[in-house]
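The following exercises concern a predicted model. Each consists of a task and a solution worked in steps.

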Amino acid sequence: MQSPSLSRNSARGIFCSRSLNLRSISAIGYDMDYTLVHYNVKAWEGRAYDYCMENLKKMGFPVDGLTFDPDLVIRGLVIDKERGNLVKADRFGCIKRAMHGTKLLSTHAVR
């Protein structure tokens, strides 16, 4: 068994910092590959959607009447708050689908 001091520097270890200042963090990503936890994806994504809608509404975006559709966008969604775009990327960063608000963007528009 590896000693605690050696495992602390292991590339496979888990890092935890209690002193991380989150004031300068603008985005947080979650690793949902099911290696540590089994997620209820619809509940998780639904809550993320609700939280996002609350924030967009506070910023003045017209989000009333929009509802969560788990088949539309799930995992890997990037929200561009400045331009109002939603981008679905695959694990390699290639854009699979993009929308401006609720309108699907063409490949030309994405470029």
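**Exercise 1. The nonpolar surface patch**

Determine which residues form a nonpolar patch on the surface, and state the accessible area they have together.

*Solution.*
Step 1. The patch is formed by Leu20, Leu22 and Ile25, with about 290 Å² of accessible area together.
Step 2. Isoleucine 25 is placed in the loop between helix H1 (4–7) and H2.
Step 3. The relative accessibility of isoleucine 25 is 37%. Patch membership requires over 30% relative accessible area, whereas the label "exposed" requires over 50%. Isoleucine 25 therefore counts as partly exposed.

**Exercise 2. The aromatic pair**

Identify the aromatic pair, classify its geometry, and state which parts of the chain it ties together.

*Solution.*
Step 1. The count comes to 1 aromatic pair, and its members are tyrosine 49 and phenylalanine 68.
Step 2. The ring centres are 5.4 Å apart, and the angle between the planes is 50 degrees. Planes under 30 degrees apart would count as stacked and those over 60 as edge-to-face, so the remaining class, tilted, applies. The pair of tyrosine 49 and phenylalanine 68 is accordingly tilted.
Step 3. Tyrosine 49 belongs to helix H2 (residues 41–58), while phenylalanine 68 is found in the loop between H2 and strand S1 (77–80); the pair therefore ties together parts that are 19 residues apart in sequence.
Step 4. Phenylalanine 68 has a relative accessible area of 25% and is partly exposed.

**Exercise 3. Salt bridges and their exposure**

List the salt bridges with their N and O distances, and assign an exposure class to each partner.

*Solution.*
Step 1. The count comes to 3 salt bridges. The cut-off to apply is 4 Å between a side-chain nitrogen of Lys or Arg and a carboxyl oxygen of Asp or Glu.
Step 2. Arginine 47 and glutamate 54 form a salt bridge whose closest N and O atoms are 3.5 Å apart. Glutamate 54 is partly exposed at 39% relative accessible area, and arginine 47 is partly exposed at 44%.
Step 3. Lysine 57 is joined to aspartate 64 by a salt bridge, with 2.9 Å between the closest N and O atoms. Lysine 57 is partly exposed at 48%, whereas aspartate 64 is exposed at 59%.
Step 4. Aspartate 80 and arginine 83 meet through their side chains in a salt bridge of 3.4 Å, N to O. Aspartate 80 is partly exposed at 21%, whereas arginine 83 is exposed at 57%.

**Exercise 4. Topology of the sheet**

Establish the strand order, the sense of pairing and the edge strands of the sheet.

*Solution.*
Step 1. The sheet is open and has 4 strands in the order S1-S2-S3-S4, with antiparallel pairing. S1 and strand S4 (103–104) stand at the edges; each has a single partner strand, so one side of each is left without a neighbour in the sheet.
Step 2. S1 pairs with strand S2 (residues 85–89) over 4 bridges in the antiparallel sense. Isoleucine 79 has leucine 86 in S2 as its bridge partner.
Step 3. S2 and strand S3 (residues 95–100) run antiparallel and are joined by 5 bridges. Leucine 86 is partnered by methionine 99 in S3, and asparagine 85 stands opposite histidine 100 in S3.
Step 4. S3 and S4 pair over 2 bridges, again in the antiparallel sense. Histidine 100 has lysine 103 in S4 as its bridge partner.
Step 5. Bridge partners can now be followed across the strands: isoleucine 79 leads to leucine 86, and leucine 86 leads to methionine 99.

**Exercise 5. Glycines in the hairpins**

For each hairpin, give the number of residues between the strands and name the glycine with a positive phi.

*Solution.*

| Hairpin | Residues between the strands | Glycine | Phi |
|---|---|---|---|
| S1 and S2 | 4 | glycine 84 | near 80 degrees |
| S2 and S3 | 5 | glycine 93 | near 90 degrees |
| S3 and S4 | 2 | glycine 101 | near 65 degrees |

**Exercise 6. Cysteines**

State how many disulfides are counted, and decide whether cysteine 52 is buried or exposed.

*Solution.*
Step 1. The count comes to 0 disulfides.
Step 2. Buried means under 20% relative accessible area. Cysteine 52, at 16% relative accessibility, therefore counts as buried.
Step 3. Cysteine 94, at 44% relative accessibility, counts as partly exposed.

Definitions and conventions:
Residues numbered from 1 in each chain as written. Predicted model: local features only at pLDDT ≥ 70, side-chain atom pairs only at ≥ 80, totals over all residues. Heavy atoms only, no water. Phe/Tyr/Trp six-rings, centres within 6.5 Å; stacked < 30°, edge-to-face > 60°. Buried < 20%, exposed > 50% of the residue type's maximum accessible area, 1.4 Å probe, protein only. Patch = residues over 30% accessible without salt bridge, like charges linked within 9 Å, V, L, I, M, F, W, Y side chains within 5 Å. Areas by Shrake-Rupley, 256 points an atom, 1.4 Å probe, with all protein chains shown as cover. Pairing = 2+ DSSP bridges. Disulfide = S-S within 2.5 Å.
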